[in-house]
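Visitor: Could you show me how to read pockets and salt bridges in a protein model?
Guide: Gladly; let us look at one together.

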Amino acid sequence: MTDSTIYALDFDGVICDSALETALTGWKAAATIWSGMTGIAPPEIVKRFRAVRPIIETGYEAILVIRLLYAGESIESIYAGYSEKANQIMTAAGLTVEGLKQLFGDTRDQWIAQDKAGWIAVNPLFSGIADKLRRLGSNHDWYVVTTKQERFVKKILNANHIELAAERIFGLDRNMSKPDVLKGLKRSYPGRPIYFVEDRLPSLQNVLQHAELADLRLGFALWGYNLPQDKVLAEAEGCLPLELEYFLADGLSPLGAA
């Protein structure tokens, strides 16, 4: 390695623009729970889903968001009362978080088994990211730190000819919070700087609550799933707002060449 920096990267919203696939999988999964949601996801619901995507932390929540949109909830009303509305849906239908996680993963697995090429096609990497990751692989130790199930991360990376060992993908399967993963990386690489890039402000704010992680460099990916006002808040809390072009450019990262 030519640089001691450890890169820890979120996946959805930093590496992969998965909003379309997440919406479509959410619809497919929801259709197995509620009658009436037949056929393919209506384009208008998919469009509105992208606007609400920043509120989702873990993929299974797409099932609940899609159901809210199908029921006629506005984007504004979902943002205003998402947790309460999601809990109401789950209670009314007798759903559990673990059950929804299983259903969401199973729905993806079925889609991949039937049409892997089609599934990959709706999980594009953001422009320039593939080349960036290949350069990282040559010059840095890097990891994926995500709430996505690891097998799906691996399939998307492999489809884009990006090599990353399975033990470097920390996903939903590990049942670890992102701060816990980052603490583990600090223990594994004592004294080496860690650069964590994330597109969700709440996830960065969670990291900031841990004193052990105070020396991490935090990059806020503006090209991902966040709101315009989040940039100001991120900067005020010590995170570096990143434009995609800045992140991609060699020699322009906050930590030097990448």
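Guide: We will take the pockets and then the salt bridges, bearing in mind that this model is predicted.

Visitor: How does one find empty space in a model, and what volume does the largest pocket have here?

Guide: The general idea is that rolling a probe the size of a water molecule over the atoms shows where empty space is left. In this structure, the largest pocket holds about 460 Å³ of space. Two or more lining residues come from each of helix 5 (97-121), helix 8 (178-188) and helix 9 (201-208).

Visitor: Which helix gives the most to that lining?

Guide: That is helix 5, with four residues. The lining has 22 residues, and those nearest the pocket centre are Thr-58, Lys-101, Leu-172, Asn-175 and Met-176. By character, the lining of the largest pocket divides into four nonpolar, ten polar and eight charged residues.

Visitor: And what lines the second largest pocket?

Guide: Its volume is about 160 Å³. Among the residues lining the second largest pocket are Pro-54, Tyr-79, Arg-200, Tyr-225 and Asp-230. Here the division is seven nonpolar, one polar and three charged.

Visitor: Now the salt bridges, please. What is the idea, and how many salt bridges are there?

Guide: Side chains of opposite charge can pair when their charged atoms come close. The count for this model is 14 salt bridges. Lys-101, which you met by the centre of the largest pocket, pairs with Glu-98 at 3.6 Å, N to O. These two residues are about one helical turn apart, because they sit three residues from each other in helix 5. Glu-98 has 55% relative accessibility, so it counts as exposed.

Visitor: Which parts of the chain does the bridge between Asp-141 and Arg-192 link?

Guide: The closest N and O atoms of Asp-141 and Arg-192 are 2.9 Å apart. This pair links distant parts of the chain, 51 residues apart: Asp-141 is in strand 2 (residues 141-145), and Arg-192 is in the loop between helix 8 and strand 4 (194-198). Asp-141 is buried at 8% relative accessible area, while Arg-192 is partly exposed at 26%.

Visitor: Is Lys-183 buried or exposed, and what is its partner?

Guide: With a relative accessible area of 16%, Lys-183 falls under the 20% cut-off, so it is buried. Its partner is Glu-212, with the closest N and O atoms 3.2 Å apart. Lys-183 belongs to helix 8, and Glu-212 to the loop between helix 9 and strand 5 (217-221), 29 residues apart. Glu-212 is partly exposed, at 45% relative accessibility.

Definitions and conventions: Residues numbered from 1 in each chain as written. Predicted model: local features only at pLDDT ≥ 70, side-chain atom pairs only at ≥ 80, totals over all residues. Heavy atoms only, no water. 1 Å grid on protein atoms, 1.4 Å probe; cavity = no way out; pocket = protein on both sides within 12 Å on 5 of 7 lines; lining within 4 Å. Points joined across faces, edges and corners; volume = space filled by probe spheres on them. Nonpolar A, V, L, I, M, F, W, Y, C, P; charged D, E, K, R; others polar. Salt bridge = Lys/Arg side-chain N within 4 Å of Asp/Glu carboxyl O. Buried < 20%, exposed > 50% of the residue type's maximum accessible area, 1.4 Å probe, protein only.
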